[in-house]
Amino acid sequence: MTDFDRVGSAGLPGDPGSPSGETDLRRVGANPDHWYPVALSRKVRRGRAAGAAFAGERIALYRGESGAVHALEDRCAHRQVPLSMGVVEGETLRCCYHAWAYRGDGRISQIPYLARGDGRPPRGVRGYPVREAYGLVFVFPGDPAKAADTPLPELPDFGSPQYRTMTFSRTVRCHYSFMHENLLDMNHQFLHRGVVGRLRPELLGFASDQRSVEARYLFTHTGGKRNRSAELLAGAGIGGGASSDVMTIRTLYPYQTLDLVPGDAEHPAFRLWAVYVPDGAEQRTCRAYGLLMIKKPGVPAALHMAWPFIRRFAERVFAEDRMAVEAEQRAWDEQGEDRNHEVFPLILDVRQVLRENGVPLRPPAAVCDTACDGTAPPRPHGPSDRRAPRVP
């Protein structure tokens, strides 16, 4: 464990990326042995089916008449037509083409026209462990035997009477690792100068271990016009006046959190939880889910009135971040490798965490190679063995 007062080391040569022969982080896949949100709960309506995805695996979600959500591999075992196009009947999902019916575990419950003596039907398709929490539908895309012992992220302030939550769900065309780096590296505030003015982030220290990196920053406003919504979001505003606002950001694989505590406060003015769920098999696109929990002021009506302005501010900041990380991804695509020359020790550490906890990307041909009995092809379920050595 690294001491929290660590603020850097001299003489770091930069990130051990592909130019030096080590594993290119942008070729490391997200570890499937965690709970990942794949939809907003309100988007999966009772008696309806919807499509989702994780790293190239298409998933059909449907909510039965009981209100329970089920998650199946999004293909009928008969003709491969997406089950997300199907019809919900009670707790089963019926394919829209030949009306084959599936239970919530993926087993076939009925083939309407099958007669005695006809060919033996397949067992069904893959069913995913699924849970609902925080207004999100989570699935466990990895080894289902590990699902019960793998906890959901803990968000004690979600639903607290002291906080109100704003939910975000946006597609970002980049590898999920760019998103982790963007949030942890607050030295990019120049990007947001038109929104928050000129901010000077000072790294107070950071700590890292095999699965996490945590950093603390002190923000000081040094000039420029600040967006009024930033002040509404953070009380006196990030770095406003003579404040000593401290921001703590943490990657705890595969999730991220951010807390902002004003200098004169005991509790965070806001807390952010985020995760970046890969979409395609090459994982060059992800779906960013965020829960922004904002502390209610003494006059609750003030937050209600400010809500649309805070959302507009948050969306603008996110749009600028998305512009930058998508540009990074385009550069990677054009160059065919990671040519970044990173010198910030904090980001070197988070890259190491993402490498060590990720898994090798599967070959594209294996993504949809599923047996007719519904069993999935072999895939890595643990951290990658191709670990890059830590930078001294």
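User: Where is Q80 found?

Analyst: Q80 lies in the loop between β5 (69-73) and β6. Please keep in mind that this is a predicted model.

User: What makes Q80 count as partly exposed?

Analyst: Its relative accessibility is 41%. Buried would need a value under 20% and exposed one over 50%. The value of Q80 falls in between, so Q80 is called partly exposed. The backbone of Q80 also has a positive phi, about 70 degrees, although Q80 is not a glycine.

User: Which label, buried or exposed, fits Q283?

Analyst: The relative accessible area of Q283 is 5%. The cut-off for buried is under 20%, and therefore Q283 is buried. Q283 also has a positive phi, about 55 degrees, without being a glycine. Its place is in the loop between β18 (270-278) and β19 (286-295).

User: What makes the bond between Y253 and P254 a cis peptide bond?

Analyst: The omega angle is about 0 degrees, and the bond that joins Y253 and P254 is cis. P254 sits in the loop between β16 (246-252) and β17 (255-261).

User: Why are β6 and β9 called the edges of their sheet?

Analyst: Start with the sheet itself: 4 strands form an open sheet in the order β6-β7-β8-β9, paired in the antiparallel sense. β6 (87-89) and β9 (108-110) each have a single partner strand, so one side of each is left without a neighbour in the sheet.

User: How do you know that β7 and β8 pair?

Analyst: Pairing needs at least two bridges between the strands. β7 (residues 92-94) and β8 (residues 101-102) have 2 bridges, in the antiparallel sense, so the requirement is met. Within this pair, R94 stands opposite A101 in β8.

User: What makes A99 partly exposed?

Analyst: The relative accessible area of A99 is 23%. That value is not under 20%, nor is it over 50%, so A99 is partly exposed. A99 is in the loop between β7 and β8. Leaving out residues up to four places away in sequence, A99 touches R94, Q110 and P112. The C-alpha atoms of A99 and Y113 are separated by 9.2 Å, and the two residues are 14 apart along the chain.

User: And how do you know that A39 is buried?

Analyst: A39 has a relative accessible area of 11%. Values under 20% count as buried, so A39 is buried. A39 belongs to strand β2 (residues 36-40). Its contacts, apart from neighbours within four places in sequence, are V44, L61, L136, V137 and Y289. A39 and A52 are 13 residues apart in sequence, with their C-alpha atoms 6.9 Å apart in space.

User: What makes β3 and β4 a pair?

Analyst: At least two bridges are needed for a pair. β3 and β4 (residues 57-63) have 6 bridges, in the antiparallel sense, so they pair. A53 stands opposite R58 in β4. The two strands form a hairpin with 2 residues between them, and A55 in the turn has a positive phi of about 50 degrees.

User: Which residues of β3 are on the covered face, and which on the uncovered one?

Analyst: In β3 (residues 49-54), A50, A52 and F54 make up the covered face, while A49, G51 and A53 make up the uncovered one. In a regular strand the side chains alternate between the two faces of the sheet.

User: Why are α1 and α4 called oblique?

Analyst: α1 (residues 176-184) and α4 (residues 300-335) pack at an angle of about 130 degrees, and their axes are 10 Å apart. Roughly perpendicular ends at 115 degrees and roughly antiparallel means over 145. The angle of α1 and α4 fits neither, so the two helices are oblique. α1 passes α4 in a right-handed crossing. In this contact, F178, M179 and N182 of α1 meet F318, D321, V325, E328 and Q329 of α4. By class, the contact has 4 nonpolar, 2 polar and 2 charged residues.

User: Why is α1 described as largely enclosed by the rest of the structure?

Analyst: Of its 9 residues, 9 are buried, so α1 is largely enclosed. Among these buried residues are Y176, H180 and L184. Across the protein, buried residues make up 51% of the 392 residues.

Methods: Residues numbered from 1 in each chain as written. Predicted model: local features only at pLDDT ≥ 70, side-chain atom pairs only at ≥ 80, totals over all residues. Heavy atoms only, no water. Buried < 20%, exposed > 50% of the residue type's maximum accessible area, 1.4 Å probe, protein only. Axes fitted to C-alpha atoms, helices over the stretch in contact; angles between N-to-C directions. Parallel < 35°, antiparallel > 145°, perpendicular 65-115°, else oblique. Left-handed = near helix turned anticlockwise from the far one by under 90°. Contact = heavy atoms within 4.5 Å. Nonpolar A, V, L, I, M, F, W, Y, C, P; charged D, E, K, R; others polar.
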